[in-house]
Structures are given as structure tokens and as C-alpha cells.
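Trainee: Let's go through this one term by term. I will ask what justifies each label.

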Amino acid sequence: MPDYGHDLRFGSFITPQNRRPEAPVDLARLSEQAGLDLVTFQDHPYQHGFLDTWTLLSWVAARTERVHLAGNVLNLPLRPPAVLARSVASLDLLSGGRIELGLGAGAFWDAIEAMGGRRLTPAQSVEALSEAIDVIRGVWDADERRVLRVDGDHYSVHGAKRGPAPAHEVPIWLGAYKPRMLRLVGAKADGWLPSLGYLQPEDLPTGNKIIDEAAAEAGRDPREIRRLLNLTGADFRGSGGGLLQGPAATWVEQLLPFALQEGVSTFILGSDDPEAIQIFAQEVAPALREAVAAERSSIGSGSATGPARPARALALRRTGIDYDALPGSLAAEAVEPGDRAYESVRSSYVWSGSPGLVLRPSTPSQVADALAFARRQDVPMSVRSGGHGISGRSTNDGGIVVDVRAMNAVEVLHRERRLVRVGAGARWGEVAEALAPHGLAISSGDYGDVGVGGLATAGGQGFLGRFYGLTIDHVVGAEVVLADGRIVRADAGQHPDLFWALRGAGGNMGIATSFDIEAMEVGDVVFAALLHDASDTAAFLQAWGRLVEDSPRRLTAFLSMFPGQAANPVLAQSLIVWAGDDTGAAVAAIEPFLEPAPVLQQQAQLAPYAAIVAPHHNRHHGQARLRSRSALVDHLDGTTSAVVADLFAAGDAGMFQVRSVGGAVNDVAPDATAYAHRTQNFSLTAVVNESRHARADQAWERLGVDAVYLSFESHPDDGSLAKAFPPPTLRRLRQIKAAYDPHNVFRHNFPIPPATDQPASKTPPVAS
Ligand SMILES: Cc1cc2nc3c(=O)[nH]c(=O)nc-3n(C[C@H](O)[C@H](O)[C@H](O)COP(=O)(O)OP(=O)(O)OC[C@H]3O[C@@H](n4cnc5c(N)ncnc54)[C@H](O)[C@@H]3O)c2cc1C
């Protein structure tokens, strides 16, 4: 197997000498500017006049932006593996996933001993390296709940805490020459990293053979292992013939067989000469890439798609998905079971999932590719933006998730018109942070991690709602990928029906990739948090409701009620936002909220709007598993308050929330958008105890309401759809659904059946 099919990469190999401490840093920056992919440093922690390589890597990571970094190779005997694992993971997180791990078993044992290290025999040093790899990978396995135990002869850890996980799949490359080390590469490592100067002509094919055999023995595909090569002793000015002595063209000619016959895919220039680094990056690298690509395509060998998947990961693939047919445009960011990133993308905030494939497109056309691919498979498909869906299950079991999180840009298109464009994958906390410097804000909700895509297609009952309206009321256009793959803009002039439906029932119509929204001028707001003893639950609720309805529109109040501990009372937390920085007016409006019940805590502050919806960046693992009921009501009247009080008294409610709507929300005509409920003042959510949901559902029915907000409803019956969309709205939605999604591709969030009295659709199923 001469060519393992990896993409070609080029790097530099710099001496960490400290005669001028900035010198290696300058060379690293030059490498990045010249276009190299990788910067590496020798690691000889005992060497007189050398900087410490790990410190240098950290410094360089902060001074560069794109280039990947590695020790070449790090001296294991002087770097305890559990700590090294954390160092690598930390720097990988801080640098945005740019750290690779080159490791060596150790050489120069006198110097290692002189530094307090332990002298090992060659056999012991390989065993130690093998144990170290287990420790390092164990520490990185942050999703494993159990503490880490490795009982090695050289490295043992007894109950080590795991994590952090690195930001990306950090490969472990070993500097190896002798058979024992080469077998370890084949069995456990991700790359082989020798130096040309230490190799005899036959060493590369022999080494590859040993590695490939050891890989096969370990049940691995040899293509999992990248072959790297340090080009030491090379000289562009050399003229005496010989390997890599002469101009760039000679190098390209001589390196081509290394790539095609010896399987080398990463070439690392060992030189501290700035001119050599530049020639290597700008002349050798592009020409060699081109030559290798041309050879590969002419002989049809090598996949050029990167490393093969490990056999253990292949075994986790799900039936019904043709993984090999995944378009190249999506493959690089796709995540499957067995990938390190899988744990962080499999679930949403509310739902635990085990999808067979998570696609992470970053452009609308990639979304169209993802959708077309998903439609050709025989598995469920979910759409995900921020992953906070309660009704919408943005994950599944065994299916495909189209996750648009990467499309999270926030742009101010026109400051005077307050026009902003937000990517569907952004979270509202991020949107608020990005708009704050412009003095703008969009009312969204109460939680900064909620995603734009789910909320801006459903409604958006936010902290500035009574003054500003719903989020959807200010959406003036959206870009949408339709079921048939078309990418369209929907606004008042183009696809107006679709635009109407998107604002309230968007999840049924397509995948929105961005929204144009009119923001409002907002700087600081007054934010108050009050905690009441709501033992007299019904009376408190009625009084609270009256206060909200009597308040000026600049005031929006959200209420969360929780059962107290043991015999303690029901607790009621009010979060009240005054849309503006007039503290006098705000205090006058907020003070009455102290009255309805004994106050346990109170605080108020003037704060930037962005601070009250700051993102939490929570990792999703289905942690908020909840069953939720929704109701939209005009008033918190006697019936409503009694039902809530009974839910708490019976222990059937884990939490009850009220979001005030009304005000500007109700200025919009019921037929202006697919969100038709424009008379109600309150949006209620009961989070009911799973074990008692039947009783809680019965109690909820006593409300007798005919209006729900689907974002807070997880009851699956058809009645919910009718309550979300009154008959004229639902009729129109079904017709629009028939026109834009006749085959009901988007059916995983309270599906709207396409109208059947519609002329046959122009959107056939995607051909396979
Ligand atoms: C803790 C918490 C607090 C909340 N607070 C509020 C609040 O104050 N006000 C409020 O109005 N809502 C609130 N919600 C509800 C929230 O608005 C909805 O759950 C919303 O769907 C979440 O959007 P998301 O992108 O994070 O969800 P996801 O889980 O990513 O998606 C949910 C569903 O939305 C649809 N969807 C997602 N992305 C797209 C897209 N790009 N194009 C088309 N359809 C898409 C899909 O049907 C998907 O199944 C809250 C939810 C939680 C969990």
C-alpha cells in the first residue's frame, strides 16, 4: 500500500534556542504567513540554551491564528503523561483545535537522568510510551463518567479525574525507528514521525511494513496512520547533487516518490533559515501538492479524503445510512458514532439521542447537500440550530441530524434601519453580545443558549416582548433551504406565503439558514429579580397577573414557581425587565411587584441587555429531560390560578412558568403571521413530573384553553396542533405545506399535514 491517501501537509521544524528568545517565535509566525500547515519544535528539556518547548508552544499558539503546532517530538520521560494530557487538551481548547501531539520514548538518557528522569532500557521505554498513551487518551475521554485507572509498570494513575477533552481529535504521532517502536505505532498511534537524517534508504518501506502489519494485528486499517517525515539536512542552495540539495523543482521531483511510494503525507522542513521556510512553503508545497494530485488522479489510486476510519468506529455505523455516499463537501465536518466529537453532538439540551450521523454544513448549499443526502437515506432526519427544542426533537436515534450551528454569523446590515442578519446557528446570547456594541438588541427569550433557528421560526417570547413584540414580528426576510433543495429568500415580496408560514410554523417548511431582523435601539435595561414566598399560590398568581397587565409596556415580567423543600412554601421568582435606562420610571413600575406576598430576596440593577441573556455555553447531553405543557391565556384568573395551585399541592409540577406576552405582541393582527394568538397576555408552561404526567395532564385540561405555544408543548396529541394554529391559520399552513413540502420531509416537530386538495406539487422527492 504505497499511498495511504491522506491529504498533503507541510510544516516547519524549528530549534527552540534562546539566544534571541523571539527568534523561534518569529520563524513560527513566518511559517504561518508563508502558508505552512504546521509548526513543530524540538524538545530537549535538558539542553543548554534551549527554551522549554511546551512554554514556547503556548506562547506561539497565542501569537498565531491558523497554523497547527506540535512538539517534534516531546520527551516523555520528563513529561508525566497525565499532566501532559491536560496541557495538550488545554492548549488545544485555547488555540481553537490547533495542537497535535508528537511523542518520543526518550533518548540521551544521561541528560534525562541529570534532570531527575529515570533511565530506562529501550524495551522499557517503549512499554512506558505505550502506557503513557493509555493514560493520555484516558484523561482526554471526558465523557467517561468513571475516574481513570491505569495500572502500568511505568505509569499508573489511580482514580484520576478526566478532562478536559481537547477541542479536536488530537493525533498522537510517535518518533520511531526500531521495530518495537514501529509496532507500537501500528498498534496505538495516529502517526509515524521519523527524521530523514536518521533513515537508511530501506527504512521507510520496512518501517511501513512493520507498522501496517501491527495495525492489522490490532484490528486497525493501516490508512488510519499518517506517515510524516522531518526533512533534515536539506539545502536549497546545495549544488553537489544528492537528496534535497538544490532548487525547489529538484525537491518536488525527489519528494514525489516519498508521497506516492513511501506513503509520506506530511513533510516537515528542519531549518531555522527564514528563506528556506519561505521557499518550502511557497514553491515546494504547492508544486508537490499539484504533482501528487495529478498522479493520484491519473492512476486512480488513493482517496485523498484523509485517513480511513478505524474498524471499531466502522462497527458502530447504523443501518439505513449509505455513509460512503456522503458528498465530500460534508464529509470533513460529519460526525459519526465513534468520533471524539460524537458525545458533544449526539444529544440536545432536552433530549438524549444516538443518531447515526450528524452533518454540520456551514453554507446554504451544504445544507441543501445535507438535506438531499438525508432524504435519500431510509432513516429519520432532524434539524438542529441551538439544540434547545422542547417540542422539536433536534436529535433522534439511528437517523441523521442536520446541525446548522456553524452558520452563526451576526451582521449589522444597515445601522440606521437597525437591520441585522443572524445565522440560524447562532445562540441568542451570542446575538445580544454581537449587537450590544451597536446599541441594538432583539427580544428573543430568557435563555442565552437558545438557538436562533428554532426560536425565530416559532415565535420568540422575550424579555423585551411587551415593548417590542415577538421575535418573529421583526423578521423581515429569511433564507431557506426547501425540501427539494432550492435555496430561496422569503420576504414580503418573494415567496410571501412561505414568509408568512415561516413566522410561527417555520420548522415545518424548510431549513432556515439566516434571518434578517429589525432590531431595536437598546443599551442598558433595568433588571430586577424578586423571590417571593408564594404559599398562597393562587392568590399570588392572580395579583401578579393583574400587576403585569396594569404595567407600562416597557415592563416585561417572567415568573418561575418551584415547589419548596419539604414543608417550605412554593417559591416564586420574578424576573422583570424594564426596556430602557430610566431608573426612576423603572423603579416606579417594579415596586408594586414587591406587594403580593412576603419577599424573600430582591435585587435590581442597571445592566446591558446582553448581560441578562448571556450565553452559558452548556454542553448538551439531554440534561433537562422534561415533559412540558403550554397554554396561552388572557388573564391569570381564578381558574388558572387554582389549577396551578393544585398542581403544586399534589406534587405534580416540577416547575411552572409565566412569560408575559401582550403589549406589542398583541398589536400584530392574528392573520399577519402563522402565530395567530394575539389576544393573550400570558404564556404558561408547566414542567410536569414524568411519573405523574397523566394526573398533571388531567389537571391541565381543566384550564380549558384553546391556545398553546408549541415551543413549550411536549404533549404529542393532534389537539396541540389545533390549539397552536386556529382553523384559518392551519388551513393556510396546510396549503403552503403542500406547495413547499408536499412529501412532509419536515415532520419532526408537530407535523402539519400537507393539504390534499392542492394541485400536484412541483417538488418531487430527491432522486437517488
Ligand atoms: C431553557 C429554555 C428556555 C427557553 N426560553 C424561551 C423563551 O424565553 N421564549 C421562547 O419563545 N422560547 C423559549 N424556549 C423555547 C425555544 O424557543 C424553543 O425550544 C426553540 O425551538 C429552541 O430553538 P433551538 O434552535 O435552540 O432548538 P433546536 O433544538 O435546535 O430546534 C428545535 C426545533 O426547531 C426547528 N428548527 C431548528 N432549527 C431550525 C432551522 N434552522 N430552520 C427551521 N426549523 C428549525 C426544528 O423543528 C427543531 O426540531 C426555551 C427553551 C429552553 C429549553
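**Ligand shell and sheet**

Mentor: Start with the shell around the ligand: α15 gives the largest share, three residues. Keep in mind that this is a predicted model.

Trainee: Which elements each supply at least two residues of that shell?
Mentor: They are β13 (381-384), α15 (452-455) and β20.

Trainee: What makes the pair between Gly387 and the ligand a polar contact?
Mentor: The cut-off is 3.5 Å between N or O atoms. A backbone N or O atom of Gly387 lies 2.8 Å from a ligand oxygen atom, so the pair qualifies.

Trainee: What does Ala512 contact?
Mentor: A polar backbone atom of Ala512 is 2.8 Å from a nitrogen atom of the ligand. The ligand taken alone exposes 950 Å², and the protein buries 95% of that.

Trainee: How do the shell residues divide by type?
Mentor: 12 are nonpolar, 17 polar and four charged. Gly counts as polar by definition, and Gly389 and Gly451 are among those that come nearest the ligand.

Trainee: Now the sheet. How do you know that β18 and β20 pair?
Mentor: Pairing needs at least two bridges. Six bridges join β18 (residues 475-481) to β20 (residues 511-518), so they pair. The two strands run antiparallel, and Val481 stands opposite Ile511 in β20.

Trainee: Why are β15 and β19 called edge strands?
Mentor: The open sheet has the order β15-β16-β20-β18-β19. β15 (410-414) and β19 (487-491) each pair on one side only. The twist averages 20° from one strand to the next.

Trainee: What packs on the sheet?
Mentor: Helix α13 (residues 364-376) does, touching β18, β19 and β20. The direction of α13 makes about 50° with that of β18.

Notes
Residues are numbered from 1 along each chain as its sequence is written. This is a predicted model: local features need pLDDT of at least 70, side-chain atom pairs count only at pLDDT 80 or more; totals for chains, interfaces and linings use all residues. Side-chain values use heavy atoms; hydrogens and water are left out. Helices (H or I, at least four residues) and strands (E, at least two) are DSSP runs, numbered from the N terminus. Axes are lines fitted to C-alpha atoms, for helices over the stretch in contact, and angles run from 0 to 180 degrees between N-to-C directions. Contact means heavy atoms within 4.5 Å. A residue is near a molecule or strand if one of its heavy atoms lies within 4 Å of it. A polar contact is a pair of N or O atoms within 3.5 Å; within protein, one must be able to donate a hydrogen and the other to accept it, and residues adjacent in sequence count only if both atoms are side-chain atoms. Accessible areas come from the Shrake-Rupley method with a 1.4 Å probe; for residues, only the protein chains shown count as cover.
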